[in-house]
Amino acid sequence: SAYDWIMPTPIPGKGAILTAMSALWFARTEDIVPNHMIERFGERGMLVRRLRMLPIECVARGYLAGSGWRDYARTGEVCGHRLPVGLREAGRLPEPIFTPATKADAGHDENISFAQMCEIVPRAVAEKLRTMSIDLYARGRDYARGRGIILADTKFEFGTIDGEVTLIDEMLLLQRAHELGYAVSDAQFEQVLASIKKDNKLESDEQFQAALKGEGITIAQLR
């Protein structure tokens, strides 16, 4: 699916692959944060601990792409982070940044500042989520870069079990538009993203949504 639009063509084995990837990363990051996985069963099943979910999408960004780029182009900031002037789309940030978003019950998540996040969860919890998210992103970024893949940004979800912050859901699946960039250098990543936008005649996520819904852009333009 994409933006709540169900694609007509299934991907064989997708569920099994994504479950295996999450299980792999849960095991490789237990030194950073505990996770909810108890054990896997079958190719697609995962037995997990019941917990209380925290209503925040914890996004870490190492590159300026997607909604982060649009916010920067408009205001010079991303979720309250004032960034240097002159950064380019898909360019590498000086340091990874934490850019939380609301976890909406309906519609799409909305980027918020860290101060706004502290109005939703206690500040001590927010600070822990920020540190964990950056550390998890850095672990995945370094692993991917060593294999010719750029991890531009990614999101994590957390909950609590007996007051302990716990990683949940899925992680580092490399399936979102800006999570995965096949490139061996930052310059190539910028070129790849620019080429995709030019070839598909898409300038924003909104145009992509319109294409999926048949509102002015045909799906053929995306192929």
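Analyst: One term up front: two strands count as paired when DSSP finds at least two bridges between them. And keep in mind that this is a predicted model.

User: Okay. In which sense do β1 and β2 pair, and over how many bridges?

Analyst: Antiparallel, over four bridges, with β1 covering residues 37-41 and β2 covering residues 45-48. F41 stands opposite G45 of β2.

User: What do β1 and β2 form, and what's the phi of G42 in the turn?

Analyst: They form a hairpin, with three residues between the strands. G42 has a positive phi of about 65°.

User: Which residues make the nonpolar surface patch?

Analyst: I38, F41 and L47, and the patch comes to about 290 Å². F41 is the residue facing G45 that I mentioned, while L47 lies in strand β2.

User: And L47, why does it count as partly exposed?

Analyst: Because its relative accessibility is 38%, and partly exposed runs from 20% to 50%.

User: Let's switch to the inside. Which residues of the largest nonpolar core touch the most other members?

Analyst: M117, L136, F156, F158, L167 and M171, out of 29 residues in that core. The elements giving two or more residues to it are α1 (14-28), β4 (56-63), α3 (114-117), α4 (123-145), β10 (153-161) and β11 (164-168).

User: Which of them gives the most?

Analyst: α4, with five residues.

User: Is there another core apart from that one, and what's among its members?

Analyst: There is another, made of seven residues and lying apart from the largest; L64, Y72, V78 and C79 are among them.

User: Back to F156. What does it touch?

Analyst: Leaving out residues up to four places away in sequence, F156 touches I56, E57, C58, S133, L136, Y137, L167, M171 and L172.

User: S133 caught my eye there. Where is it placed, and is it buried or exposed?

Analyst: S133 is in helix α4. It is buried, because its relative accessible area is 0%, and buried means under 20%. Beyond its neighbours within four places in sequence, S133 is in contact with C58, A60, F98, F156 and F158.

User: New topic, charges. How many salt bridges does a search of the whole structure find?

Analyst: Nine. One of them is between the side chains of K155 and E157, at 2.6 Å from N to O. K155 is buried, with 16% relative accessible area, and E157 is buried too, at 4%.

User: What else does K155 meet in a salt bridge?

Analyst: D169, at 3.5 Å from N to O. That pair links distant parts of the chain: K155 sits in strand β10, D169 is in the loop between β11 and β12 (181-182), and they are 14 residues apart. D169 is partly exposed, with a relative accessible area of 37%.

User: Which residues does the network of shared partners join?

Analyst: E57, K155, E157 and D169. E57 also turned up among the residues that F156 touches.

User: Last one: how far apart are the closest N and O atoms of R141 and D142?

Analyst: 2.9 Å, and the two form a salt bridge. R141 is buried, with a relative accessible area of 18%, whereas D142 is partly exposed at 46%.

Definitions and conventions:
Residues are numbered from 1 along each chain as its sequence is written. This is a predicted model: local features need pLDDT of at least 70, side-chain atom pairs count only at pLDDT 80 or more; totals for chains, interfaces and linings use all residues. Side-chain values use heavy atoms; hydrogens and water are left out. A nonpolar core is a set of buried Ala, Val, Leu, Ile, Met, Phe, Trp, Tyr and Cys residues joined through side-chain atoms within 4.5 Å. Buried means under 20% relative accessible area, exposed over 50%, partly exposed in between (1.4 Å probe, protein chains only). Contact means heavy atoms within 4.5 Å. A salt bridge is a side-chain nitrogen of Lys or Arg within 4 Å of a carboxyl oxygen of Asp or Glu. Patches are made of residues with over 30% relative accessible area and no salt bridge: like charges are joined within 9 Å, nonpolar side chains (Val, Leu, Ile, Met, Phe, Trp, Tyr) within 5 Å. Accessible areas come from the Shrake-Rupley method with a 1.4 Å probe; for residues, only the protein chains shown count as cover.
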